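Work through the following exercises with the sequence and the structure side by side, and try each task before you read its solution.

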Amino acid sequence: MWTRWWLWPLVAVCTADFFRDEAERIMRDSPVIDGHNDLPWQLLSMFNNRLQDTRANLTTLANTHTNIPKLRAGFVGGQFWSVYTPCDTQNQDAVRRTLEQIDVVHRMCQMYPETFLYVTSSAGIRQAFQEGKVASLIGVEGGHSIDSSLGVLRALYQLGMRYLTLTHNCNTPWADNWLVDTGDSKPQSQGLSPFGQRVVKELNRLGVLIDLAHVSVATMKATLQLSRAPVIFSHSSAYSVCASRRNVPDDVLRLVKQTDSLVMVNFYNNYISCTNKANLSQVADHLDHIKEVAGARAVGFGGDFDGVPRVPEGLEDVSKYPDLIAELLRRNWTEAEVKGALANNLLRVFEAVEQVRMGWPPEPPPPTTSRQAAPPVSVPRPATPRRLPRRSPSRGTSWAAPAGRITATPPGPPASIASGGSCWPPSLPWSSVSVSCESWETRAPFRAPGVQGRPAHPGLRTPGTLLPACKDQHLLSGCLASPGGQDTWGQLRTHTHTGPQ
C-alpha cells in the first residue's frame with residue numbers, strides 16, 4: 001500500500017514528460033503561428049528602432065518576452081508582428097508612424113535572414129515552415145492607421161499588411177471600439193458606418209484578413225455578417241470564462257462558427273482571469289470553451305507577448321508554447337485539433353481570404369480625364385436651393401453641383417449641401433480646403449471657426465477662392481471647393497477628421 005502511494009508522484013512526472021514530449025513531436029511538424037506579437041513596439045520604445053544598437057541584438061535581447069532563442073524554444077514557425085501606433089496619433093501622424101513600424105519589421109527580417117522569412121501569403125508561411133524559419137507577417141493594429149483613406153489602406157497592403165485590426169482602444173470615424181460596451185466610449189457608428197462597410201469590402205477585395213480584436217460587439221456582428229471571407233480575432237479570449245469586454249461573447253462565437261472564422265486566444269492576465277494573476281491552466285480553459293462553442297476549427301493562439309505587462313504563470317514568454325500544448329493533450333485534445341490550433345486553422349482562414357480575393361471582380365480602370373479636354377459646364381442656377389444627400393463623417397463623397405455658390409447647413413459635418421445659397425458655413429472639425437477651376441487651381445488653407453491654427457481665410461480674392469460672405473461663413477465664388485485634398489473640377493469632395501479620443 002505504501003509502495004503504491006510512493007509511486008504516484010513518479011507516475012505523474014512520467015506522464016507530464018510524456019505530454020511534453022508529444023507536444024514537441026507535434027510542433028516539429030506543425031509549429032505555432034501566433035496572431036499577435038508586439039516586439040516591434042518594444043524595439044521602438046527601448047531603442048527608437050535603432051536595430052544596430054548592440055542592446056537590440058535579437059539573439060541576446062533581454063527584458064522582453066521575445067527573442068530568437070525563445071522563438072526557437074517555443075517552436076514558433078509563424079508570427080504576425082504587430083504594427084501599432086497609439087490612439088493619440090489619430091488624425092495627426094498615425095500614417096507616418098505606421099510606416100515607420102512597418103519599416104522596422106522589414107529591417108528586422110533583413111538583419112536576421114537565417115531566422116525570419118518575410119511573407120505575405122499562406123504559401124509563404126508553408127515555405128518558411130519547410131525552411132525552418134519564422135514566417136513573418138505584418139498586422140496593422142488599429143483602423144486609425146489608415147486615416148479614413150482607402151488609398152492609404154491599399155498602400156499599406158502593398159507594403160505587406162495582411163491583417164487590419166479595425167479599431168484599437170478608440171473609435172475610428174467609421175467603426176466603434178470595445179470601450180463602447182463598457183460605457184467608456186460613446187458609440188459613433190453603431191458598429192460600422194457606411195464608410196466602415198466600404199473598408200470591410202475593400203479588405204475582402206485585397207485579400208487582407210479582417211481582425212476584430214478590440215472592436216465593440218456591434219462591430220463584431222456587423223463585420224461577421226458583411227464580410228465575404230472568414231475573419232480573425234488576432235488576440236481575444238472568451239467572455240464567458242472572463243467577463244472582460246475585450247473578449248468574445250458566446251453569441252459572437254456562434255457567428256464565428258457559422259462563418260468558419262477564428263479566435264486566437266490572448267494571454268493577458270486581465271483577459272484570462274479578470275485579475276492581475278493567471279496561470280497556464282486558465283488559458284487552456286479559454287481554449288476549451290471556444291472549442292466547445294465554436295468548434296475546434298475556431299481556435300488559435302494570439303499571445304500578445306511584449307504588448308501586455310502581465311502574462312500567466314507558466315507562459316512567461318514565447319518559449320513556453322510547448323507547455324500549453326502539453327496541457328491541451330492532457331485534456332484529451334486530439335492531435336488533429338492541436339495541429340489546427342497551432343497552424344492549420346489560421347492557414348485555412350488565410351487561404352479562404354485569398355480565394356475571396358481571387359474571385360473578386362477586377363477593379364475597373366480609372367476613367368481617362370483631361371482638364372484641358374473637358375467640355376465646358378454650364379448649369380443654370382436654380383431658383384431655390386437644391387438639397388443634396390446628407391453624408392456621414394469621414395466618408396469621401398462627391399456631389400456634382402452648379403459652378404457658383406454652394407451652401408451647407410449645420411448641424412454636424414459635413415451637414416446638408418445645397419447649391420444656390422449665399423453662404424457656405426464650414427462645420428468640419430478640421431479640414432484643408434482646395435479650390436480648383438477648369439485648368440488651374442489655387443489652394444487656401446482653412447480651419448473651422450473656433451479652432452486654433454491658421455486664419456480661416458488667407459485673404460486671396462481671385463476667382464476660385466473662398467471669399468468672406470457672412471459671420472463664420474464663406475462664399476464660394478467661381479467654382480467648387482474640395483475639402484480634404486482631392487482637387488476635382490466640377491465636384492465637391494468632403495473628408496471629415498475627428499480629433500483623437
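**Exercise 1. Classify the cysteines of a disulfide.** Is Cys-87 buried or exposed, and is Cys-170 buried or exposed? Decide this, and then describe the bond that joins the two residues in this predicted model.

*Solution.* Begin with the cut-off, since a residue counts as buried when its relative accessible area is under 20%. Cys-87 has a relative accessible area of 15% and is therefore buried, and Cys-170, with 1%, is buried as well. Next, look at the sulfur atoms: they lie 2.1 Å apart, and a disulfide joins Cys-87 to Cys-170. The torsion about this S-S bond is about -85°, so the disulfide is left-handed. Finally, place the two residues: Cys-87 sits in the loop between β2 and α4, while Cys-170 sits in the loop between β5 and α7, so the pair ties together parts that are 83 residues apart in sequence.

**Exercise 2. Describe the other pair.** What handedness does the disulfide of Cys-242 and Cys-274 have?

*Solution.* First confirm the bond, in which the sulfur atoms of Cys-242 and Cys-274 are 2.0 Å apart. The torsion about the S-S bond is about 110°, so this disulfide is right-handed. Its ends lie in the loop between β7 and α10 (Cys-242) and in the loop between α11 and α12 (Cys-274), so the pair ties together parts that are 32 residues apart in sequence. Now compare accessibility: Cys-242 counts as buried at 1%, whereas Cys-274 counts as partly exposed at 37%. The count of disulfides comes to two.

**Exercise 3. Check the length of a helix.** What span should helix α8 have, given its 13 residues?

*Solution.* Helix α8 covers residues 194–206, and at 1.5 Å a residue it should span 18 Å. The expected span uses one less than the number of residues, which is why 13 residues give this value. The end C-alpha atoms are 19 Å apart, which agrees. The buried residues of α8 include Phe-195, Val-199 and Leu-203, and among the elements that cover the buried residues are α6, β5 and α14. Just after the helix, Gly-207 takes a positive phi of about 90°.

**Exercise 4. Examine a buried charge.** Which side chain of opposite charge is nearest to Asp-176?

*Solution.* Start with the position of Asp-176, which is in the loop between β5 and α7. Asp-176 is buried and has no salt bridge, and the nearest side chain of opposite charge is that of Lys-186, 13 Å away. Then search for polar atoms: a polar atom of the Asp-176 side chain lies 3.1 Å from the backbone nitrogen of Ser-189. Asp-176 also touches other residues, including Thr-167, Pro-187 and Val-215.

Notes
Residues are numbered from 1 along each chain as its sequence is written. This is a predicted model: local features need pLDDT of at least 70, side-chain atom pairs count only at pLDDT 80 or more; totals for chains, interfaces and linings use all residues. Side-chain values use heavy atoms; hydrogens and water are left out. Helices (H or I, at least four residues) and strands (E, at least two) are DSSP runs, numbered from the N terminus. Buried means under 20% relative accessible area, exposed over 50%, partly exposed in between (1.4 Å probe, protein chains only). Lys and Arg count as positive and Asp and Glu as negative; His and the chain ends are not counted. A salt bridge is a side-chain nitrogen of Lys or Arg within 4 Å of a carboxyl oxygen of Asp or Glu. A polar contact is a pair of N or O atoms within 3.5 Å; within protein, one must be able to donate a hydrogen and the other to accept it, and residues adjacent in sequence count only if both atoms are side-chain atoms. Contact means heavy atoms within 4.5 Å. A disulfide is a pair of cysteine sulfur atoms within 2.5 Å. Lists of a residue's contacts leave out its neighbours within four places in sequence.
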